[in-house]
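User: Please go through this model with me, taking one question at a time and giving the reasoning behind each reply.

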Amino acid sequence: MSDNSNVNHQIRSNPSSGNTSSSLRDHYMDSAAQNTHYSSGGVTQDLHAQYAGDAHGVQSKAYRDSEELETLHKAKKLGIKYADLRQIIPEEDYIKIIAKEDAIKYLSLPIAIKQGKLFFGIVDPYKEGLTAFVKNLREDHDVVVVLISPESFRENIDRYDFIKTYEKDHVDQGTIDIDVNKVTNIEKLKDLLINDGIQFLLADLLTAAITTKSSDVHIEPQNTYADIRFRIDGALHPIARVPRDKYNYLISEIIINSALRLDADRPQNGHLKAIPNLNGIKEIDIRVETIPVLHGQEVVMRLFQGDATMLKLSDLGITHEVYPIIKEILVRPHGMMIVVGPTGSGKTSTLYALLNELNNPERKIVTLEDPVEYELPGLSQSQLNTGESFLDRFRAVLREDPDVIMIGEIRDLDTAKTALQSALTGHLLLTTYHANNAATAIARLTDLVGDMSLISSAINLIVAQRLVRKICPFCRTDHNLNADEAAAVSQILAHLPVSYQERAKNLHFYKGKGCDRCYGIGYKSRIGIFEMLKITTDMQQLIMSKALPSVIQAAAVKNGMLTMEQDGILKALQGFTTVEEILKTVKE
Ligand SMILES: [Zn+2]
């Protein structure tokens, strides 16, 4: 059974959004509550029951109660629905469907959109011009007219004054408290998803994601159930299947806490935060994406669990043999170093590990990202403001007179040119670029920029990388390669640089057989595999002659470059990873 009696899983928010969240949850999600508050008649006792926890003073509460009761009876006579706006708080998003002047003129307020219907609050059904106004509104909305009390109207009309300062990007997101001792493994989560109270589902799910160090949580609805999958060390794993009612509740919790809209028919992005009771971890930022699909909303939550001050090149898989290549670039006062790889290959972690090496009070380091992925003390970090171009911001960063500049990613010609030029004029510039390997990156950048001499003189080093899963150290065992694997390995090792050949004499490999510590997966955490292409004099000549990637690659190998595949096989020989993982990753 669940052991939630001693933990606090309350959802905290700022006072105003907190009210909104809880009333949305209580009054739209729960059909019983909805009947009470959008009552087309209603029972007096129900109404009083709803007021039991009210914090108003006795006098005003009694007066207000009678006004609401009167409005309820009036609605019953008119045969229309009734809403108590102390219970259902209209959101700015919906209020602004009509102008404030119209709201005052017709004593009306849009309250909410629920299941495609616009609930439209009116004080006086006989108000002059109201019928025509509602008729007009019906052209764009499926309007349900709801009677509200004059006091409800007065209390909410001022909300219009806050709309101007209301910015979607700065909505306070919900915060979820996490007790890391509650859900220590996936079996426990499965148990809680069945037996725990629905109000704990989101916290339980996030707790499990955090304790298993998952990077993403996927919730995928089907007709009668929804599948939950976690991405652990880059691979998706089925975690649980939950019934439809729990899915519905979970989705509304996520959407409300991410300050998103429940009724959206297009993809949305939002954020929420988890605060775990773990020493040294303040909070975990969670990016939420929702996508409307056939059976509801598919949700992907991405957890940012990294602590950048801990990122070290050696931990990332940069071995002592290749470290001097990087060190040589980092001690130069100018030039450009580019980390390349596809999305999710660990480029940003490498950049931050490099910044950790460079970070000291004598150096001014500025970063420009969209958005900032890690916070690192001692750096001047910035990200794009809404509507600002990357290039404008980049130029502003250059005016800060930095020694080292980190640009999150080169995405267009202007950024590429400005970055290359600044690398020639006294700045050490670190950045990433989307390319499969080092040689391809050179060819693609040459195509993009067109200025071969700028590229050949500005770039010092290109690091290409992938992330591969590490074998779980608790269940590592010997592994004999099958014929295909053996053939692939001997092909990769055929051109191994001489200095590494000693390490590939005895071909002995490993795998993880799966245990409790790795949730039966056989892998735990990840490590990078790298190749480092130095821009030497002969490489500069190849760039000037617009050589094909294959020619650049062959020249680099001839110069003694260890390729990503070779680095991977050497790491498999050391027992860090499997041959299967290397072959799969470099093929992608
Ligand atoms: Zn294991």
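User: Which residues of helix 22 are buried, and on how wide an arc do they fall?
Analyst: In this predicted model, where local features need pLDDT of at least 70, side-chain atom pairs count only at pLDDT 80 or more, and totals for chains, interfaces and linings use all residues, the buried residues of helix 22 (residues 549–558) are Ile552, Ala555 and Ala556. Residues are numbered from 1 along each chain as its sequence is written, and side-chain values use heavy atoms, with hydrogens and water left out. Buried means under 20% relative accessible area, exposed over 50% and partly exposed in between (1.4 Å probe, protein chains only), while helices (H or I, at least four residues) and strands (E, at least two) are DSSP runs numbered from the N terminus. Seen down the helix axis, the buried residues line one face of helix 22, because the directions from the axis to their C-beta atoms fall within an arc of 100 degrees.

User: Which residues are exposed on the other side of helix 22?
Analyst: The buried residues of helix 22 have a cover that includes helix 18 (438–449), strand 21 (523–534) and helix 21 (537–544), contact meaning heavy atoms within 4.5 Å. On the other side of helix 22, the exposed residues are Ser550 and Lys558.

User: What backbone oxygen does the side chain of Gln465 reach?
Analyst: Gln465 lies in strand 18 (residues 459–471) and is buried, with a relative accessible area of 1%. Its side chain reaches, at 3.3 Å (a polar contact is a pair of N or O atoms within 3.5 Å; within protein, one must be able to donate a hydrogen and the other to accept it, and residues adjacent in sequence count only if both atoms are side-chain atoms), the backbone oxygen of Gly346.
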